[in-house]
Number of protein chains: 2
Amino acid sequence: MPTKTVDRRIERTRQLLQEALIAVILEKGFEAATVQDVIDRANVGRSTFYAHFQDKEDLLLSGFEHLWAEFEKHLNAASANNEGPWGLSLSMFQHAESQRRLYKAMAGKQGGNIALTYIQKYLSGYLTDHLKQQLAKRKKGFPPEILSYHIASSFISLLTWWLDNDSTYSAEQMNDFYRQLVEPGVNMIMQNG
Amino acid sequence: MPTKTVDRRIERTRQLLQEALIAVILEKGFEAATVQDVIDRANVGRSTFYAHFQDKEDLLLSGFEHLWAEFEKHLNAASANNEGPWGLSLSMFQHAESQRRLYKAMAGKQGGNIALTYIQKYLSGYLTDHLKQQLAKRKKGFPPEILSYHIASSFISLLTWWLDNDSTYSAEQMNDFYRQLVEPGVNMIMQNG
DNA sequence: TAAGTAATCAAACATAGTGTTCGGAAACGT
DNA sequence: ACGTTTCCGAACACTATGTTTGATTACTTA
């Protein structure tokens with residue numbers, strides 16, 4: 001197999017920019033962050049930034065994709081224990097716990113909507129697949145898109161609350177809260193649909 | 001009583017700017033909107049804008065405060081029917097239904113977080129007061145701030161879903177969905193806390 | 001370790017938006 | 001019709017964006 005080495009400078013520049021963006025987000029929020037802030041903090045030339053990324057959204061997205069890939073590794077590693085919607089949420093709480101700084105910057109209120117929108121869509125998709133069969137049985141049931149949307153956004157709002165408030169509850173506790181809040185309503189709807 | 005007339009020009013300028021902002025938000029979103037966009041659309045001089053508002057946030061806030069005052073009128077008018085958390089949510093769905101365009105611009109995904117943050121805090125406050133007594137009884141109960149936060153943000157996410165998707169469900173239907181999703185979990189927690 | 005390649009940098013530039021100031025013109029209320 | 005207030009437009013300094021250039025630096029590989 002070909003040694004696919006990436007030029008050390010590229011690696012370093014990208015890391016510097018990623019880290020600088022995280023720091024700026026935590027300081028003043030993603031919306032208020034400017035490319036200028038980032039390159040100043042990273043000590044990287046202006047033209048160098050634009051050689052790597054189109055804009056700050058692109059930079060954030062690149063970092064998020066990396067984080068998400070790590071999450072999926074974690075998810076697969078724990079797949080034995082963490083199946084179903086409540087296992088998926090637990091995995092995400094756990095991964096967020098192990099990467100608090102990054103999650104706070106990307107999935108906190110300061111982080112804008114890029115990561116949150118992605119997660120929302122991911123969860124909605126997963127839930128739609130997962131609940132499809134059971135909802136298919138019912139005729140005039142509860143609107144499935146609202147159900148999926150609710151389960152997903154409830155998770156997200158708990159996650160961001162947890163991150164923004166630097167809450168000391170464990171990932172497992174947060175997932176328990178999440179289940180206690182959401183599961184009863186979902187069960188009622190699945191039964192009576 | 002003193003006739004408290006406001007100069008017609010002031011009234012007109014403010015209205016033009018408000019409406020222009022709504023239009024721009026619906027077109028490209030609040031974050032992307034610029035003061036330049038607004039004054040171009042409103043056909044108002046640059047210095048005139050700054051004579052009335054500090055920036056686009058200020059302009060949005062001013063419009064939101066007006067809308068919110070109208071909501072509170074509606075709420076008081078319906079107070080007989082709409083008591084408790086689920087009555088409050090119904091009132092808000094109803095008011096949103098009667099002012100869809102404004103609500104979509106301010107409380108939709110395109111509208112930024114100014115209005116949503118305000119509503120979130122308002123609801124959380126209301127719920128904290130309203131649930132305080134019942135939660136006080138329990139000792140090691142469910143964290144009340146998480147409970148309030150969840151009830152409020154579930155409402156908000158349903159509202160924005162409704163607005164963003166131009167859903168044709170009625171305000172009453174939306175409130176039913178909201179109750180079905182959220183009430184069972186809340187009741188479980190209040191009983192077993 | 002030397003040679004060639006590739007990334008970085010600073011500087012300059014055009015563009016766009018921000019927020020303020022000013023005097024003259026227009027619209028307003030009484 | 002008068003005096004007051006608002007509006008306008010032009011100018012200005014400032015900050016940030018996104019691109020281009022050629023010289024410099026640092027990396028890879030042979």
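**The DNA-facing surface and the two-fold pair**

Of the atoms of DNA strand D that come within 4 Å of the protein, 55% are sugar or phosphate atoms and the rest belong to bases. The model is a predicted one, so to speak of local features takes a pLDDT of at least 70 and side-chain atom pairs count only at pLDDT 80 or more, while totals for chains, interfaces and linings use all residues. Residues are numbered from 1 along each chain as its sequence is written, chains are lettered from A and ligands numbered from 1 in the order in which they are written, and side-chain values use heavy atoms, with hydrogens and water left out.

Strand D has 21 residues around it, the closest being A:Val35, B:Arg9, B:Thr13, B:Ser47 and B:His52; a residue counts as near if one of its heavy atoms lies within 4 Å of the strand. By type, this surface splits into five nonpolar, nine polar and seven charged residues (Ala, Val, Leu, Ile, Met, Phe, Trp, Tyr, Cys and Pro taken as nonpolar, Asp, Glu, Lys and Arg as charged, and the others, Gly among them, as polar). At least two residues each come from helices H1 (8-28), H2 (35-42) and H3 (46-52) of chain A, and from H1 (8-28) and H3 (46-52) of chain B. Helices here are DSSP runs of H or I with at least four residues, numbered from the N terminus.

Individual side chains reach both backbone and base. A polar side-chain atom of B:Thr13 sits 2.5 Å from a phosphate oxygen of strand D, and one of A:Arg12 sits 3.4 Å from a phosphate oxygen of that strand. B:Ser47, for its part, places a side-chain N or O atom 2.8 Å from a base oxygen.

What about the two protein chains? Chain B lands on chain A after a rotation of 180 degrees with 0.0 Å of shift along the axis, at an RMSD of 0.0 Å (least squares on the C-alpha atoms of residues with pLDDT of at least 70 in both). That is how a two-fold axis relates its copies. Both copies use the same surface, with 100% of the contact residues of chain B recurring in chain A; contact means heavy atoms within 4.5 Å.

A:Ser154, in helix H8 (residues 144-164) of chain A, is buried at a relative accessible area of 2% (buried is under 20%, exposed over 50%, partly exposed in between, with a 1.4 Å probe and protein chains only). Setting aside residues up to four places away in sequence, A:Ser154 touches A:Tyr178, A:Val182, B:His150 and B:Ser154.

Note on methods:
Polar contact = N/O pair within 3.5 Å; in protein donor to acceptor, adjacent residues only side chain to side chain.
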